[in-house]
Amino acid sequence: MMEFVDTHTHLNDGKFDEDRAEAVARAKAAGVSRIINFGDTMQSSEAVVRLAEEYAGLFAGVGIHPEEACEMTAEDDARLAAWAAKPQVVAIGEIGLDYYWEKDAEKRLLQQRVFVRQLDLARQLHLPVCIHDREAHGDTLAILKKEARGMTGVLHCFSGSWEMAQEVLRMGWYLGVDGPLTYKNAAKLPEIVQKIPLDRLLLETDAPYLAPVPKRGKRNEPAYVVHVAEKVAELRNVPLGEIAAATTQNAMRLYRIK
Ligand code: NI
C-alpha cells in the first residue's frame, strides 16, 4: 500500500472536536500513516504535543505563528524547549512572517523578533523549522540567510517565485505544497512543482484550511493529502507511487521520524 505523510496540519483545531479520532482513522485508511501537527500559540503547541502522545503516527511541531506574535519570555523559551525534548516533537513551527494580515510596521518588527528568537531556539535544540511566509518573501529569505545558517527546514505552503525556490533549494531546504496547488489560480506554483528536485518536496494539507480539489470549500483533513499527491504526480507525469515514496522519504529525513 502507498504511504503518505501529511507534514503540516492542525488536528487540534476546534473544527475537529466532533470527529478527531475518525479523521485520524480516515487518514490511516487512505495511507496517510504519519501526520505532523503544528501549534501556533503556546496553548495550541501544548495541544499538539498532547495529540502526538495520544495517537500513534502523530508528531508535533511547537512554536508561535507570526499572526499570534507577542513578546516572548524566558518562560516561553523554557516551555518550548521542554516540549521539544519529547520524542514526538520533531520541529519548531510554525514560525515566520505574515505581512498579508499584518500591515503595521511596529507589529511586523515584533514578528521579526519572535521569528529570530525561535530560530535561535531551534538551532540550540538541533531541530528543523517549519516556516510560514505570506507576502513577506524578501524579509523571510533575508532572515533565514542571516539567522538560520547551518539549520534545515521547510517553507510550508510555498507561495514564492521560482527564483526564491532556487534560493531555498540552495540552502538545502524543502518546499511544502498543499491545496492551492490544485486550484485554478495556482499561478506559478505548478511550474515550480514540475521543476524542483523530487527529493525536496513535502506534501501537506494545512487542515482544516485550504482543502484541495475535489474537496475545495469543505473542511480539509489529513486524508486529503492524497489529492495533493495526485496533482503532483499529474504535473510531473509520474506514477502516484513514486510521489508517495519520495515525499514520505523526504518527510522522514527532514523531521527524523520513523
Ligand atoms: Ni498551518
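This tour proceeds from the metal site to the nearby loops, the strands and the aromatic rings of a predicted model.

**The nickel site**

Select the nickel ion together with H8, H10, E94 and D206. The ion is coordinated by NE2 of H8, NE2 of H10, an OE atom of E94 and an OD atom of D206, at 2.1 to 2.2 Å. Along the sequence, these donor residues follow the spacing H-x1-H-x83-E-x111-D. H10 belongs to the loop between β1 (4-9) and α1 (20-29), while D206 belongs to the loop between β8 (201-203) and α8 (225-236), so that this pair links parts of the chain 196 residues apart. Both donors can be checked for exposure: H10 counts as buried at 7% relative accessibility, and D206 counts as buried at 10%.

Next, display the angles at the ion. Ideal angles at a metal are 109.5 degrees for four tetrahedral donors. Here the 4 donor atoms give angles of 84 to 177 degrees, and the site is classed as irregular.

**Backbone features in the loops**

Keep D206 selected and inspect its backbone. Most residues other than glycine have a negative phi, and most peptide bonds are trans. The phi of D206, however, is positive, near 60 degrees. Move on to P208, which lies in the loop between β8 and α8. The peptide bond that joins A207 and P208 is cis, with omega of about 10 degrees. Then select P214, also placed in the loop between β8 and α8. V213 and P214 are likewise joined by a cis peptide bond, with omega of about 10 degrees.

A further stop is A187, in the loop between β7 (174-177) and α7 (189-195). A187 is not a glycine, yet its phi is positive, about 55 degrees. At 65% relative accessibility, A187 counts as exposed.

**Strand β3 and its partners**

Select residues 58-62, which form strand β3; 5 of its 5 residues are buried. In a regular strand the side chains alternate between the two faces of the sheet. In β3, L58, A60 and V62 point to one side and F59 and G61 to the other, and both faces are covered.

Add β2 to the view. β2 and β3 run parallel and are joined by 4 bridges; N37 has A60 of β3 as its bridge partner. Including helix α2 (residues 42-54) completes a right-handed β-α-β unit made of β2, α2 and β3. Then add strand β4 (residues 89-98), which pairs with β3 in the parallel sense over 3 bridges. The bridge partner of V62 in β4 is I92.

**Aromatic rings and charges**

The count of aromatic pairs comes to 2. For one of them, select F38 and Y255: the rings are tilted, 6.3 Å centre to centre, with 55 degrees between the planes. F38 lies in strand β2 (residues 32-38) and Y255 in helix α9 (residues 240-255), so the pair ties together parts that are 217 residues apart in sequence. Both F38 and Y255 are buried.

For another, select Y100 and W101. Their ring centres are 5.0 Å apart and their planes stand at 90 degrees, so the pair is edge-to-face. Y100 is partly exposed, with a relative accessible area of 32%, and W101 is exposed, with 55%.

Finally, look for charges over rings. K103 lies over the face of Y100, at 5.6 Å from the ring centre. The charged end of R108 is placed over the ring of Y99, 4.2 Å from its centre.

Note on methods: Residues numbered from 1 in each chain as written. Predicted model: local features only at pLDDT ≥ 70, side-chain atom pairs only at ≥ 80, totals over all residues. Heavy atoms only, no water. Phe/Tyr/Trp six-rings, centres within 6.5 Å; stacked < 30°, edge-to-face > 60°. Helix = DSSP H or I, 4+ residues; strand = E, 2+ residues; numbered from the N terminus. Buried < 20%, exposed > 50% of the residue type's maximum accessible area, 1.4 Å probe, protein only. Lys NZ or Arg CZ within 6 Å of the ring centre and 35° of its normal. Pairing = 2+ DSSP bridges. Right-handed = clockwise from strand over helix to strand, strands pointing away. Donors = N, O, S within 2.8 Å, 3.2 Å for Na, K, Ca; no water. Tetrahedral: all angles 85-135°; square planar, octahedral: opposite > 155°, others 65-115°.
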